[in-house]
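Me: I am new to this structure and would like a close look at a single part of it. Please take one residue, describe its surroundings with care, and then set it within the whole.

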Amino acid sequence: MGWLEAFLGLRCPGCGQPLDQAVLCAACRAELVPRHVPNFVYLGSYQRFGNLGRAIKYRGHRELATLVGHKIALGVQQADWVVDGVTAVPTLLYREIQRGYNQAELIAQASAKGLRVPYQRVLSRARYTKSQTRKSLSERLALPEDTFAAKSPVKGVWLLVDDVVTTGTTFARARIALLDAGAAKVYGGAIAVKSPHEISRFSL
Ligand SMILES: [Zn+2]
């Protein structure tokens, strides 16, 4: 029965308990609230809500991406951050092809809607080149640390969104690429972060 319930989405992706309402249970909704460190908003700890990133990634919870995207937008408003645009940390292209979307982008698009500013795809993974598609998965996973390049120059203040942030280095690299592309300031947003202290260090 467990697999069937999971397949039908009747269990809460946040806690695994039977859903008492669509998408996310009431208890998880109550816990999933904007929290701030300098220049960064997140909704909960990695230990508690890291699985929501995986649920969007592997179970296609688009409604969940919308829900968390709006909560991140709320956090931006609560902090009085004024942003001109929202963008996402790019995923690896082969994953995007397998799933048909980038989960961070789905969240970022919902945040942009909530903030009534445009969403724009600004960054791409610079080291992901065509020749690498022929390499094995393990070789691809052993790629040098991700570097990002901007597709076009940008202006103004940006919100950079990822689904979950673990070490913070990927986010930091994407943020630097956005600043290099011309962003005057970059705020960050995610569902969950593993180490809020680390992310605040990267976000200054
Ligand atoms: Zn729950």
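**A close look at Phe 148**

Reply: In this predicted model, Phe 148 counts as buried because 21 C-beta neighbours lie inside 10 Å of it, where 20 or more are needed for that label. Phe 148 belongs to strand 5, which covers residues 148-150. When neighbours within four places in sequence are left aside, the residues in contact with Phe 148 are Pro 90, Leu 123, Ser 124, Arg 125, Ala 126, Arg 173, Ala 174 and Ala 177. Ile 176 is 28 residues from Phe 148 in sequence, while the C-alpha atoms of the two are 8.6 Å apart in space.

Turning to the whole, the protein has 204 residues, of which buried ones make up 40%, and its secondary structure comes to 9 helices and 8 strands. Of the contacts with a separation of 6 or more, 74% are between residues 24 or more positions apart.

The largest nonpolar core has 56 residues, and Val 86, Val 161 and Leu 178 are those with the most contacts inside it. Val 86, not counting residues up to four places away in sequence, touches several residues, among them Ala 108, Leu 115, Tyr 119, Trp 158 and Val 161.

One helix can be added to this picture: helix 4, residues 62-78, reaches 24 Å from its first C-alpha to its last, close to the 24 Å expected. Its buried residues include Leu 64, Leu 67, Val 68, Ile 72 and Val 76, and helix 4 is followed by Asp 80, whose phi is positive, near 60°.

Notes. Residues numbered from 1 in each chain as written. Predicted model: local features only at pLDDT ≥ 70, side-chain atom pairs only at ≥ 80, totals over all residues. Helix = DSSP H or I, 4+ residues; strand = E, 2+ residues; numbered from the N terminus. Buried ≥ 20, exposed ≤ 12 C-beta atoms within 10 Å, placed from the backbone. Contact = placed C-beta atoms within 7 Å. Core = buried A, V, L, I, M, F, W, Y, C linked by C-beta atoms within 7 Å. Expected span 1.5 Å × (residues − 1).
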